[in-house]
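Please look over the structure shown below, with attention to its open spaces and its cysteines. The report that follows takes these topics in turn.

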Amino acid sequence: MRGALVNDEEKLRILPDEQQCDRFDGVWNLGNDQGTLGTMILTNIRIVWFAATNTMYNVSIPYLQVQDCRIRHSRFGLVLVIETSAVNKEYVLGFRTDPEERLKSIHQTICALQKAYVVKPIFGVQYIREKPITSQDTTDVMKLMDEDVELDNRPLRSDPYAAYFSDGIVSGQIRPPVYSEELGVAIEELKPGFTLTDLWKIHVD
């Protein structure tokens, strides 16, 4: 479900530390065969587009997620193509407007705003440093850490998590499920040399 990016007056709902830089009406979103007419708003942290007939049909693209922004030829003519990063989910979005000079102006503005964002990212978090950190402050913090930390010198298993690793499929063989009398359920057959108790132990007694 899409959220409302603009209010009833079709003005952008501004996020913390966000500033609207430009607004372009008459921008087509080419997400379908016919395209959808709408408005594109550029801010210092993101690209926003919403449909003219239904503001709930919208998209918000943070500059942090923009992988590429360029102008390409298509069956619609020159279009602005924005590709998002594959970190979350990769999308390719196309936008078109007339005349071509206006499309190029939008492209140049987006590139400039993204470049400025990369140099100085804005995450919407504000803070005020009351006083500069001194070497004495760092020393005091380290002393507190030394006092609070209790070292556990018990030896560790050389392979504490090895019992959990999957073998995958080797020569077409998979370890079959077996009934565990201790747990009362079927479990994957344990690796040779491991017991159920080993799964709960990291330290060597």
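The sections below describe a predicted model, beginning with its largest pocket.

## The largest pocket

The largest pocket holds about 220 Å³ of space, and of the 11 residues that line this pocket, the closest to its centre are Ser60, Ile61, Pro62, Thr84 and Tyr91. Strand 4, which spans residues 58-62, gives the most to the lining of the largest pocket, contributing 4 residues.

In chemical character, the lining of the largest pocket divides into 5 nonpolar residues, 5 polar residues and 1 charged residue.

## The cysteines

A disulfide is a covalent bond between the sulfur atoms of two cysteines. Counted with a cut-off of 2.5 Å between cysteine sulfur atoms, the number of disulfides in this model comes to 0. The cysteine sulfur closest to that of Cys69 belongs to Cys111 and is 4.7 Å away, which is too far for a bond; Cys111 is likewise in no disulfide, its nearest cysteine sulfur being that of Cys69.

As for their surroundings, Cys69 has a relative accessible area of 9% and is therefore buried, a class that requires a value under 20%, whereas Cys111, with a relative accessible area of 29%, is partly exposed.

## A loop residue ahead of strand 4

Thr53 is found in the loop between strand 3, residues 46-51, and strand 4. Its relative accessibility is 77%, so Thr53 counts as exposed, the limit for that class being over 50%.

Thr53 and Thr36 are 17 residues apart along the chain, and their C-alpha atoms are separated by 8.9 Å.

Terms used:
Residues numbered from 1 in each chain as written. Predicted model: local features only at pLDDT ≥ 70, side-chain atom pairs only at ≥ 80, totals over all residues. Heavy atoms only, no water. 1 Å grid on protein atoms, 1.4 Å probe; cavity = no way out; pocket = protein on both sides within 12 Å on 5 of 7 lines; lining within 4 Å. Points joined across faces, edges and corners; volume = space filled by probe spheres on them. Helix = DSSP H or I, 4+ residues; strand = E, 2+ residues; numbered from the N terminus. Nonpolar A, V, L, I, M, F, W, Y, C, P; charged D, E, K, R; others polar. Buried < 20%, exposed > 50% of the residue type's maximum accessible area, 1.4 Å probe, protein only.
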